[in-house]
Amino acid sequence: MLRDVKHTVTDGLLGFATATGDGRSLKIGVSPVVSDTPIIITGDMDATKIKDRLGLSPLADAVMDSVQFGASRIYCLPVSATTAGKLGSVSKSGDGGGSVTVDGSPTNAFSVVVKFTAQGQLNTAAFVYSIDGGNTFADEITVPVSGEYEIAGTGLKLKFTEATEEDQKPSSFLVNDAYSFTTTAPTMTNGDVLAAITKLQKFAEEYEFIHIVGESDLALWQAVSEAQIQLRDTYHKPVYVVFEAAYPKAGEDDEAPDMPGGNLTDWALEMEAKRKKVKNYDIQVVTAWGRLVKLDGTTQIVNLAGLVCGLYSKAKVQESIGKTRTEAGFGIPKTKLLELLPAEMDNSIIELLDLAGYLTFREYDGLDDFYVYHTKMMSPDGSDFRYAEDVRIKNKIIRETRKEGLLLLNDDIDLEDVQGELETRAKFMFVPLQRMIDAKEISSAQITVPEGQAQTILEDETMRVKIRYVSRGYIREVEVDLGRAQPSE
């Protein structure tokens with residue numbers, strides 16, 4: 001080859017950061033969609049697109065809440081429910097001689113209304129239906145000659161039965177006859193959730209936290225706590241997990257989302273007792289519920305964990321999603337979150353739950369919106385990681401310094417200057433810490449190499465470093481000393 005002028009491009013000299021996973025989450029929830037790998041949802045998808053990808057399911061509902069309030073990318077792991085949803089009884093209004101019944105296994109909680117728009121019998125009468133309690137209706141449909149109609153995506157099949165008398169058949173279904181019923185959503189067992197988490201051991205994408213969709217209780221919190229520790233320590237995935245506490249109910253048989261105020265204190269004390277049995281700063285339980293206007297325009301009573309996950313996704317890692325400054329954008333307008341529930345949830349109950357270590361919402365006199373109160377984690381007593389912002393910083397440091405540490409594996413060093421050699425390499429691990437300082441995610445940091453490793457490096461070939469950092473400070477309360485002053489002379 002003839003000699004000439006040759007160029008070699010050296011990349012990476014500017015020190016730009018690689019992807020960190022900040023703000024990305026993974027949801028595990030019930031869905032009729034079958035996938036062994038997570039499905040990606042992006043923040044620019046509308047409600048229709050999300051439902052197309054995840055089905056009419058609890059998983060889709062939670063994803064819509066997160067997208068509506070700030071999530072830009074969500075990995076979704078659908079789970080086939082072990083416990084099927086239930087069908088409620090059908091109620092009728094109107095004078096038609098026919099009847100409408102329902103069969104099937106619902107994919108979600110639906111409030112179904114079937115309303116007749118044209119009189120007749122099979123193959124002549126016409127109807128519209130709604131799965132959101134009458135908020136929106138599908139286009140008009142002629143009653144099939146078979147007498148059966150499947151509501152797409154819901155797992156529900158309507159059965160139309162004509163009047164028994166021949167002369168009554170033309171009036172089997174009259175205009176404005178209406179039939180309504182509700183369904184409950186299918187649910188995951190603890191085993192379903194743990195099996196899904198096992199799949200994440202080999203999932204290579206970076207994300208910050210996992211949202212377990214659907215009401216849960218102590219047994220699942222404890223089981224997932226152990227699985228989360230394994231993900232962190234064995235599979236090098238430092239993530240925190242967000243759970244939804246069940247809606248406060250007066251008793252086991254009370255299906256209605258309502259509770260007299262006198263019972264809330266007992267419920268909160270019971271929740272406090274459960275909280276004491278979980279000691280993991282990477283576990284968070286959202287107890288807040290509300291009436292939410294969702295991305296698809298429907299209004300539903302929901303646990304606010306999906307909304308919380310959206311706020312985490314748009315917040316910087318050091319930023320509290322309880323920040324009340326208007327430009328921060330964490331206030332939830334009352335045109336979107338119509339009310340917090342139960343209505344009897346007063347400040348004394350909120351404070352009890354907050355002190356116990358649950359995430360709650362509240363109002364402030366003088367501010368228009370609803371806000372997350374504190375982002376409490378289920379940390380042990382005396383922990384340095386009581387809030388989500390503390391945990392997010394910790395986990396980011398683990399993720400980013402590990403990337404640099406991996407580049408040091410199998411390096412050879414001069415045994416005549418072990419301390420100097422190790423300190424030189426430790427400087428590479430400080431690079432992501434400096435980035436976090438520059439981004440004002442932490443106030444300062446230092447990385448040191450403990451002395452005396454000349455002998456141990458020969459024995460176990462392990463480089464040991466110590467990282468200490470100073471976090472950002474937070475204003476959790478403001479005290480004002482007010483008094484009258486003497487007039488100036």
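Helices are DSSP runs of H or I, at least four residues long, numbered from the N terminus. In this predicted model, helix α5 spans residues 261-275 and holds both K274 and E270. The two residues are 4 apart, about one turn of the helix. K274 forms a salt bridge with E270, with the closest N and O atoms 3.7 Å apart. Burial is assigned under 20% relative accessible area. K274, at 17%, therefore counts as buried. E270 reaches 44% and counts as partly exposed.

The structure holds 26 salt bridges. Side chains of opposite charge can pair when their charged atoms come close. One such pair is K51 with D296, where the closest N and O atoms are 2.8 Å apart. This pair links distant parts of the chain, its members being 245 residues apart. K51 sits in helix α1 (residues 47-54). D296 sits in the loop between β15 (289-293) and β16 (299-303). Both ends are partly exposed: K51 has a relative accessibility of 26%, and D296 has 22%.

R425 and D411 also meet through their side chains in a salt bridge, at 3.2 Å from N to O. R425 belongs to helix α9 (residues 418-438), while D411 lies in the loop between α8 (388-406) and α9, so the pair ties together parts 14 residues apart in sequence. R425 is buried, at 14% relative accessible area. D411 is partly exposed, at 40%. Beyond these pairs, a network of salt bridges links D22, K396, R399 and E441.

The nonpolar interior was examined next. The largest nonpolar core contains 40 residues. Within this core, L26, I28, I210, I212, W221 and F243 touch the most other members. Helix α4 (residues 218-233) supplies the largest share, 6 residues. A second, separate core has 30 residues, including V308, C309, L311 and L340.

The contacts of F243 can be listed in full, leaving aside neighbours within four places in sequence. F243 is in contact with I212, S216, L220, W221 and V224. The list continues with I283, Q284, V285, V286 and A305. Two of these partners, I212 and W221, are named with F243 among the core residues that touch the most other members.

S216 gives a second view of this region. S216 is placed in strand β12 (residues 209-216). The residue is buried, because its relative accessible area is 8% and the limit for burial is 20%. With neighbours within four places in sequence again left aside, S216 is in contact with W221, F243, E244, A245 and A246.

Strand pairing was then traced. An open sheet is formed by 5 strands in the order β4-β11-β6-β7-β8, and the pairing is antiparallel. Its edge strands are β4 (91-93) and β8 (141-142), each of which pairs on one side only. Inside this order, strand β6 (residues 111-118) and strand β11 (residues 178-182) pair in the antiparallel sense over 5 bridges. V112 stands opposite F181 in β11.

K199 lies in helix α3 (residues 190-199). At 39% relative accessibility, K199 counts as partly exposed. The C-alpha atoms of K199 and L77 are separated by 9.1 Å, although the two residues are 122 apart along the chain. L77 is also one of the contacts of K199, together with S35 and D36, once neighbours within four places in sequence are left aside.

Nonpolar side chains also occur on the surface. I475, V478, V480 and L482 form a nonpolar patch there, with about 530 Å² of accessible area together. I475 is found in the segment after β21 (466-470). Its relative accessible area is 74%. The threshold for exposure is over 50%, so I475 is classed as exposed.

Methods:
Residues are numbered from 1 along each chain as its sequence is written. This is a predicted model: local features need pLDDT of at least 70, side-chain atom pairs count only at pLDDT 80 or more; totals for chains, interfaces and linings use all residues. Side-chain values use heavy atoms; hydrogens and water are left out. Patches are made of residues with over 30% relative accessible area and no salt bridge: like charges are joined within 9 Å, nonpolar side chains (Val, Leu, Ile, Met, Phe, Trp, Tyr) within 5 Å. Accessible areas come from the Shrake-Rupley method with a 1.4 Å probe; for residues, only the protein chains shown count as cover. A salt bridge is a side-chain nitrogen of Lys or Arg within 4 Å of a carboxyl oxygen of Asp or Glu. Buried means under 20% relative accessible area, exposed over 50%, partly exposed in between (1.4 Å probe, protein chains only). Two strands pair if DSSP finds at least two bridges between them. Contact means heavy atoms within 4.5 Å. A nonpolar core is a set of buried Ala, Val, Leu, Ile, Met, Phe, Trp, Tyr and Cys residues joined through side-chain atoms within 4.5 Å.
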